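Good morning, everyone, and thank you for making the time. I would like to walk you through one model today, beginning with a pair of aromatic neighbourhoods and ending with the helices.

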Amino acid sequence: KSCQREFIFFALEQKYWFEELKVWVDAHWIKCINCRKRDFEIKQMQIKYSNLISKIDRTAEETLIVKAIGQKLFELGYIKNLNKINKIK
């Protein structure tokens, strides 16, 4: 779906997803493993950004981290307004 590449969902992967993660057996996989990993990483960045941006007394290091994450999310199109990142203090 994301990268338009065809991929093979190997038996060991299926076993892990169905037996360990309890994913519905009739699920249709539309994203390759690389796209799923990328989506997971973006979601983790969004969570970290949200947690740090709402923190009242951030350290200087945390402020640098939240700005870097915000910049990356802006580059990826998840944050639309660059001024929002520039106002972080």
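Before I turn to any residue, let me fix one term: when I say that two residues touch, or are in contact, I mean that they have heavy atoms within 4.5 Å. Please also keep in mind throughout that what you are looking at is a predicted model.

With that term in hand, take Trp-29, which sits in the loop between H1 and H2. If we set aside residues up to four places away in sequence, Trp-29 touches Phe-7, Phe-9, Trp-17, Phe-18, Val-23 and Arg-36. Even so, Trp-29 has a relative accessible area of 23%, and is therefore classed as partly exposed. Val-23, one of those partners, is likewise found in the loop between H1 and H2, and with the corresponding exclusion of residues up to four places away, Val-23 touches Trp-17, Phe-18 and Trp-29. At 22% relative accessibility, Val-23 also counts as partly exposed.

How far apart in space are Trp-29 and Arg-58, C-alpha to C-alpha? They are 40 Å apart, with their positions 29 residues apart in sequence. A second pair can be set beside this one, since the C-alpha atoms of Val-23 and Glu-61, which are 38 residues apart along the chain, are separated by 38 Å.

Those distances lead me to the overall dimensions. The protein has a radius of gyration of 18 Å, whereas a compact globule of 89 residues would have one near 12 Å. Taken along the principal axes, the C-alpha atoms fill a box of roughly 50 × 25 × 20 Å. Of the 89 residues, 19% count as buried, and among contacts between residues at least 6 apart in sequence, 43% join residues at least 24 apart. As for secondary structure, there are four helices and zero strands, so to speak of the order of elements from the N terminus on is to read α-α-α-α.

Let me now go to the helices themselves, starting with H2, which has 21 residues and reaches 30 Å from its first C-alpha to its last, close to the 30 Å expected at 1.5 Å a residue. Its buried residues are Cys-35, Arg-36, Ile-42, Tyr-49 and Leu-52, and what covers them includes H1, H3 and H4.

H3, with 16 residues, spans 23 Å between its first and last C-alpha atoms, close to the expected 22 Å. Which residues of H3 are buried? They are Glu-62, Thr-63, Val-66, Ile-69, Gly-70 and Leu-73. Viewed down the axis of H3, these buried residues fall within an arc of 130 degrees, so they line one face of the helix. That buried side packs against H2 and helix H4, residues 82–86, while the face turned away from it carries the exposed residues Ala-60, Glu-61, Leu-64 and Glu-75. Just after H3, Gly-77 takes a positive phi of about 90 degrees.

The largest nonpolar core has nine residues in all, namely Ile-42, Tyr-49, Leu-52, Val-66, Ile-69, Leu-73, Ile-79, Ile-85 and Ile-88. Helix H2, residues 33–53, and helix H3, residues 60–75, each supply at least two residues of this core. As general background, nonpolar side chains in soluble globular proteins tend to be buried together. Within this core we can look at Ile-88 in particular, which, leaving aside neighbours within four places in sequence, is in contact with Tyr-49, Ile-53, Arg-58, Thr-63, Val-66 and Lys-67.

Finally, the charged pairs: how many salt bridges does a search of the whole structure find? It finds two. In one of them the side chains of Lys-55 and Glu-62 meet at 2.7 Å, N to O. Here Glu-62 is buried, with a relative accessible area of 17%, whereas Lys-55, at 33% relative accessibility, counts as partly exposed. In the other, the side chains of Glu-19 and Lys-15 meet at 3.7 Å, N to O. Because they are four residues apart in helix H1, residues 11–20, Glu-19 and Lys-15 are separated by about one helical turn. Both partners of this bridge count as partly exposed, Glu-19 at 44% relative accessibility and Lys-15 at 46%.

That is where I will stop, and I am happy to take questions.

Notes:
Residues are numbered from 1 along each chain as its sequence is written. This is a predicted model: local features need pLDDT of at least 70, side-chain atom pairs count only at pLDDT 80 or more; totals for chains, interfaces and linings use all residues. Side-chain values use heavy atoms; hydrogens and water are left out. A nonpolar core is a set of buried Ala, Val, Leu, Ile, Met, Phe, Trp, Tyr and Cys residues joined through side-chain atoms within 4.5 Å. Buried means under 20% relative accessible area, exposed over 50%, partly exposed in between (1.4 Å probe, protein chains only). The expected span of a helix is 1.5 Å times one less than its number of residues. The arc is that of the directions from the helix axis to the C-beta atoms. A salt bridge is a side-chain nitrogen of Lys or Arg within 4 Å of a carboxyl oxygen of Asp or Glu. The radius of gyration is taken over C-alpha atoms; the globule rule is 2.2 Å times the number of residues to the power 0.38.
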